[in-house]
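Q: I'd like to learn how to read a protein model feature by feature. Could you walk me through one?

A: Gladly; let's put it on screen and take the features in turn.

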Amino acid sequence: MSFSLVKMRPLIALLLLIAACTLSESKRRSYENYSVYKVYIKSHSDQRVIDELLEQPDNYNLWHRGRHRVHIMVSPRARKTFLKRMRKEHIKVKLLIKNVQKLIDEQGLY
């Protein structure tokens, strides 16, 4: 596990707890194969691309927004399109969490 992910664990756990608490007991949502990426923002056009993606809440969810980077959760069905778009726009990304559900299960959140 990388040092940066270790430092982020409390934040990730809090975000996952909030997400888990908002779901009703009878209607739990699985985050199997949802991934979280760090996206490096270098320009306003990069930010516009991310903002455009976030208009699709079934596929993208903002976890953290900083001045020069964002953490975005990507659905399994949107992953290929997301990575293709990032390459096309020359936006650097780094995989932070490969499977969000696995992290939820490990944290015992539900």
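**Reading the model**

A: Let's start with a single residue: Ile97 is buried, with a relative accessible area of 7%. Keep in mind that this is a predicted model.

Q: Where in the fold is Ile97 found?

A: Ile97 belongs to strand S4, residues 93-97. A sequence number alone says little about spatial neighbours, so it helps to check C-alpha distances too. Ile97 and Tyr37 are 60 residues apart along the chain, yet their C-alpha atoms are separated by 7.0 Å.

Q: How many helices and strands are there, and in what order do the elements run?

A: The protein has 4 helices and 4 strands. Starting at the N terminus, the order is α-β-α-β-β-α-β-α.

Q: What share of the residues counts as buried?

A: Out of 110 residues, 35% count as buried. The protein exposes about 7,200 Å², and carbon and sulfur atoms supply 53% of that area.

Q: And how is sequence separation reflected in the contacts?

A: Take the contacts between residues at least 6 apart in sequence: 72% of them join residues at least 24 apart.

Q: Next, the rings. How many aromatic pairs does the structure hold?

A: There are 3 aromatic pairs. To classify a pair, look at the angle between the ring planes: over 60 degrees counts as edge-to-face, under 30 as stacked, and the rest as tilted. The rings of Tyr31 and Tyr34 have centres 5.2 Å apart and planes at 70°, so this pair is edge-to-face.

Q: Are Tyr31 and Tyr34 buried or exposed?

A: Tyr31 is buried, at 9% relative accessible area. Tyr34 counts as buried as well, with a relative accessibility of 10%.

Q: What kind of pair do Tyr60 and Phe82 form?

A: Their ring centres are 6.0 Å apart and the planes meet at 45°, so the pair is tilted. Tyr60 lies in strand S2 (residues 60-65) and Phe82 in helix H3 (residues 79-88), so the pair ties together parts that are 22 residues apart in sequence. Both Tyr60 and Phe82 are buried.

Q: Which residues do ring pairs link into a cluster?

A: The cluster consists of Tyr37, Tyr60 and Phe82.

Q: Rings can also meet charges. Which charged end sits over the ring of Tyr40?

A: That of Lys92, at 4.9 Å from the ring centre.

Q: How do I read a helix that has a buried side? Let's try H2: which of its residues are buried?

A: The idea is to list the buried residues and then look down the helix axis. In H2 the buried residues are Asp46, Gln47, Val49, Ile50 and Leu53. Viewed down the axis of H2, they fall within an arc of 155°, so they line one face of the helix. His44 and Arg48, on the other side of H2, are exposed.

Q: What do the buried residues of H2 pack against?

A: They pack against strand S1 (35-40), S2, S3 and H3.

Q: Which residues of H4 are buried?

A: In helix H4 (residues 100-107), Val100, Gln101, Leu103 and Ile104 are buried. Their arc around the axis is only 160°, which puts them on the same side of H4. The face turned away from that buried side carries the exposed residues Lys102 and Glu106.

Q: What should I look for at the two ends of H4?

A: Check side-chain contacts at the start and backbone angles just past the end. At the start of H4, a side-chain oxygen of Asn99 comes to within 3.1 Å of the backbone nitrogen of Gln101. Just after H4, Gly108 has a positive phi of about 65°.

Q: Finally, loops. Is Ser75 buried or exposed?

A: Ser75 is buried, with a relative accessible area of 1%. Ser75 sits in the loop between strand S3 (69-74) and H3. Setting aside neighbours within four places in sequence, Ser75 is in contact with Tyr34, Asp58 and Asn59.

Q: Where is Asp58, and which residues is Asp58 in contact with?

A: Asp58 lies in the loop between helix H2 (44-53) and S2. Asp58 is exposed, with a relative accessible area of 53%. Leaving aside neighbours within four places in sequence, Asp58 is in contact with Arg29, Tyr34, Ser75 and Arg77. For a C-alpha distance, take Asp58 and Val74: they are 16 residues apart in sequence and 8.9 Å apart in space.

How values were computed: Residues numbered from 1 in each chain as written. Predicted model: local features only at pLDDT ≥ 70, side-chain atom pairs only at ≥ 80, totals over all residues. Heavy atoms only, no water. Phe/Tyr/Trp six-rings, centres within 6.5 Å; stacked < 30°, edge-to-face > 60°. Buried < 20%, exposed > 50% of the residue type's maximum accessible area, 1.4 Å probe, protein only. Lys NZ or Arg CZ within 6 Å of the ring centre and 35° of its normal. Contact = heavy atoms within 4.5 Å. Arc of directions from axis to C-beta. Polar contact = N/O pair within 3.5 Å; in protein donor to acceptor, adjacent residues only side chain to side chain. Areas by Shrake-Rupley, 256 points an atom, 1.4 Å probe, with all protein chains shown as cover.
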